Amino acid sequence: MRKFLAALTIMAATIPLSVQAATQVEVSTNLGDFTIQLDEQKAPVSSKNFLRYVADGSYEGTIFHRVIPGFMAQGGGFDEDLTRRPSYEPIKNEGANGLKNDRATVAMARTQDPNSATRQFYINYQNNGFLNANANQAGYAVFGKVVKGFSVIEKMATIPTTTIRSMGMKDVPQQPIVIKTIKTINN
């Protein structure tokens, strides 16, 4: 019995004392709440960037300004008046991190420049493999997944959209979808 207990003690010593659970972020919108679980191991740069905007509170009051049913819902960059929110410096693209643009995943939005992502993110409605990194393109960096409340994301796709030609924006929901609060939560 002593040998068994000694072996258990040795095994326990090799296990880290604080196994960190994946960070989750609760997003409360005027359509309901959903929870994003981050993958900080595979997407450390994108996760840290996203959490910086969560911590500074600047996602609150932003909208999902581009919603395309069957494709994705994009937000975090504009307020209800479609005024662009200030951003930190662009981050390095982590599109080749092994995470795929699959249904319910969350990724960084960017321009044609692979290293241009700042604050905008999107949530995939379906598997969008053409957004993944491959030998010919850098891809779009997935950094998390909606693990609770995906029905809220689906509800976003039922709101009629419009084009605002003066701003060059398409697929803008006619009823603003507002992020009321966003915060990290304990698992």
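**Group meeting talk: spaces and strands**

Let's start inside: the largest cavity in this structure has a volume of about 50 Å³. A cavity here is a set of points on a 1 Å grid over the protein atoms alone where a 1.4 Å probe fits but cannot get out. Volume means the space filled by probe spheres set on the points, which are joined across faces, edges and corners.

Quick housekeeping: this is a predicted model, with local features needing pLDDT of at least 70 and side-chain atom pairs pLDDT 80 or more, while totals for chains, interfaces and linings use all residues. Residues are numbered from 1 along each chain as its sequence is written, and side-chain values use heavy atoms, leaving out hydrogens and water.

Back to the cavity. How many cavities of 30 Å³ or more does the structure hold? Just one. If you want to find it on the screen, look for its lining, meaning residues with an atom within 4 Å of a point. That lining is made of S46, I91, K92, N93, E94, M108, R110, P114, A117, Y140 and A141. Six of these residues are nonpolar, two are polar and three are charged. For that split, Ala, Val, Leu, Ile, Met, Phe, Trp, Tyr, Cys and Pro are nonpolar, Asp, Glu, Lys and Arg are charged, and the others, Gly among them, are polar.

Now the pockets. A pocket is an open set of points with protein on both sides within 12 Å along at least five of seven lines. The largest pocket contains about 610 Å³ of space. Its lining has 26 residues, and the ones closest to the pocket's centre are H65, R66, Q74, R110 and Q120. Three elements, β3 (62-68), β4 (72-79) and β9 (169-173), each give two or more residues to this lining. The β names are strands, DSSP runs of E with at least two residues, numbered from the N terminus. Which strand gives the largest share of the lining of the largest pocket? That's β4, with four residues. By type, the lining of the largest pocket comes out as ten nonpolar, nine polar and seven charged residues.

The second largest pocket has a volume of about 160 Å³. Among the residues lining this second pocket are Q37, L38 and D39, then L99, K100, D102 and T105, plus V142, F143 and G144. Both β2 (32-38) and β7 (142-148) supply at least two residues of that lining, and β7 gives the most, with five. Here the split is five nonpolar, three polar and four charged.

Let's go back to Q120, one of those residues closest to the centre of the largest pocket. Q120 sits in the loop between β5 (105-108) and β6. Is Q120 buried or exposed? It counts as buried, because its relative accessibility is 13%; the cut-offs are under 20% for buried, over 50% for exposed and partly exposed in between, with a 1.4 Å probe and protein chains only. Setting aside its neighbours within four places in sequence, Q120 is in contact (heavy atoms within 4.5 Å) with residues including H65, Q74, R84 and M108.

Next comes β6 itself. In a regular strand the side chains alternate between the two faces of the sheet. In β6, F121 and I123 point one way, Y122 and N124 point the other way, and all are buried. Two strands pair if DSSP finds at least two bridges between them. β6 runs antiparallel to β4, joined by four bridges, with A73 opposite I123. β6 also pairs with β5 in the antiparallel sense, over three bridges, and there M108 stands opposite F121. M108 is also one of the residues lining the largest cavity.

Further along, β8 (residues 161-164) pairs with β9, again antiparallel and over three bridges. T162 stands opposite V172 in this pair. β8 and β9 form a hairpin with four residues between them, and G168 in the turn has a positive phi of about 70 degrees.

Two residues that are not glycine have positive phi as well: L82, near 60 degrees, and A104, at about 75 degrees. L82 is in the loop between β4 and β5, and so is A104. L82 counts as buried because its relative accessibility is 11%, and A104 is buried because its relative accessible area is 8%.

Last one: A135, in the loop between β6 (121-124) and β7. Its relative accessible area is 84%, so A135 is exposed. A135 and A96 are 39 residues apart in sequence, and 9.8 Å apart in space from C-alpha to C-alpha.
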